[in-house]
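This report walks through a single model, beginning with the way two helices can pack and ending with the chain as a whole. Please keep the sequence and the structure in view while reading.

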Amino acid sequence: MLVSEDWQACWIGIIVIAIACVAQFTGWFNFDALKFSTWTLGENLSEASASKVVPLTSQFASWAFWVKTLRTFLVLAVLFAAGAALQGEKLSRFIPAFVVIFILAIVVRIISAEFTLNRYLEWAFWALIVGLLVSNTVGTPSWLKPAVKTEFYIKTGLVIMGFSVLFSNIAKFGLYGLAIAWVVTPVVIIFMWWFGNKVLRMDNKPLVITLAAATSVCGTSAAIATGAASKVKKEDLSLTISISIIFTIIMMVVEPLIIKATAMSPIMGGSLIGGTVDSTGAVAVAGSVLGGVGEKAAVLVKMIQNILIGFIAFFVALFFATKVDRDPSEKIGAKEIWVRFPKFIIGFFVASLVASFAIYPSNPDAVGSINTILDQYKNWAFVLAFTCIGLDTNFKDLVKRMQGGKVLWLYLIGQTFNVLLTFAMVWFVLSGKFFPVPTLN
């Protein structure tokens, strides 16, 4: 009996979390994953920056480096191979292909750890570039395709990420964060759905809702969850993710510059970044430009927004099953909604609930330590996924799927609306004219 990709992602993510917890509480073994230290191509760095740099050759010469490399590979290879086998994939085809994908992922991590490159562009961009270089030059070979499983890797990463989404974060920013993240987001989704269907008259409704969720919530993560709920085509999901990454990079650089030029307060600017820039990593980088307060506000708003992923996926599954794809002659029941619901979201919520209510209340430090371990496994899953997106994307096909520019217009108009509405809400709750401004230490 074949087991669905969603359930595989669920149990793999939960297993990784469970092992990390056991390693933390018992101290029986080291479960850290490989992480490259920052290195440099030879830039003249300040003394403070230079102290954080470890030469690449020194990293390769370290016995611990190769132990972590082997550990990371074995954990990911065994779990993903088992999952692929339960999905019906032949291990004789999957394992050799996965080895090559993992090597490409190592190349990505090396590139993105370089001091200057790491400072401006995170690994997601380089993973996409490495994959695109292969697919648009020599082409992605057919023998590599068994391990090109974008959604499988990223769904697993999302389940692992669930452990870092603490419901207590809502309390830290209270109603301010809720107003910015939870009021604006559904309004933007509804607006983009209306604009895509009524104004642009796009027939591809799964693509419209997937792009709307990616724009309003958190880019790739929301796209994967919503795409699964609406049954979006694989190539349309790749298109959505590619657009999201490109504009995330642009906004990550440009938005802080505009905020500083307009003399917006750090807490307002950070909240605006958190509500409009996709990807938590990009939000942290952009927010850091505004200082400590700006960075904290940005990350808090984005984390509160991330909690919406599961709820949005559920409502999209419900909406598409009962309205969009409904056959008038058929009676829609709970079964169809359950079939559409992305099951890996269950793992995301389980991980979040365990961290929020089982571990954090009694041992907050343990949650932080466990997340330090899990962050790397999550990042490896995402690096594998983004590399596969590049391997699966051809520029010629990408242009064809733009539907005469309608997809790009939907994103641009939707993101503009998102920025304006988020700014209005940020000004309303944080300008000090209507409510006292909270203090973020």
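An angle between helix axes that falls under 35 degrees counts as roughly parallel, where the angle is taken between N-to-C directions. The model discussed here is a predicted one, and the cut-off applies to its helices α10 and α12, whose axes lie 10 Å apart and meet at an angle of about 30°. The two helices, α10 and α12, are therefore roughly parallel to each other, and their crossing is right-handed.

The contact between the two helices is made by L207, T210, L211 and A214 on the side of α10, and by D236, L237, L239 and T240 on the side of α12. By character, the residues of this contact comprise five nonpolar, two polar and one charged. The spacing along such a surface has a simple background: an α-helix has 3.6 residues a turn, so residues three or four places apart point the same way.

Two loop residues deserve a separate look, since each has a positive phi without being a glycine. What is the phi of R201, and what is that of A263? The table gives the values together with the position and exposure of each residue.

| Residue | Phi | Loop | Relative accessible area |
|---|---|---|---|
| R201 | near 55° | between α9 (168-199) and α10 (205-216) | 61%, exposed |
| A263 | about 60° | between α12 (234-261) and α13 (266-276) | 65%, exposed |

R201 thus sits in the loop that leads into α10, while A263 sits in the loop that follows α12, so that these loops adjoin the helix pair described above.

Beyond the loop of A263 comes α13. Is α13 largely enclosed or largely open? Ten of its eleven residues are buried, and α13 is therefore largely enclosed by the rest of the structure. The buried residues of α13 are I267, M268, G269, G270, S271, L272, I273, G274, G275 and T276.

For the chain as a whole, the secondary structure amounts to 21 helices and zero strands. Of the 441 residues in the chain, 54% are buried, and the accessible surface comes to about 19,300 Å², with carbon and sulfur atoms contributing 68% of that area. Among the contacts with a separation of 6 or more, 80% join residues that are 24 or more positions apart in the chain.

Methods. Residues numbered from 1 in each chain as written. Predicted model: local features only at pLDDT ≥ 70, side-chain atom pairs only at ≥ 80, totals over all residues. Heavy atoms only, no water. Helix = DSSP H or I, 4+ residues; strand = E, 2+ residues; numbered from the N terminus. Buried < 20%, exposed > 50% of the residue type's maximum accessible area, 1.4 Å probe, protein only. Contact = heavy atoms within 4.5 Å. Areas by Shrake-Rupley, 256 points an atom, 1.4 Å probe, with all protein chains shown as cover. Axes fitted to C-alpha atoms, helices over the stretch in contact; angles between N-to-C directions. Parallel < 35°, antiparallel > 145°, perpendicular 65-115°, else oblique. Left-handed = near helix turned anticlockwise from the far one by under 90°. Nonpolar A, V, L, I, M, F, W, Y, C, P; charged D, E, K, R; others polar.
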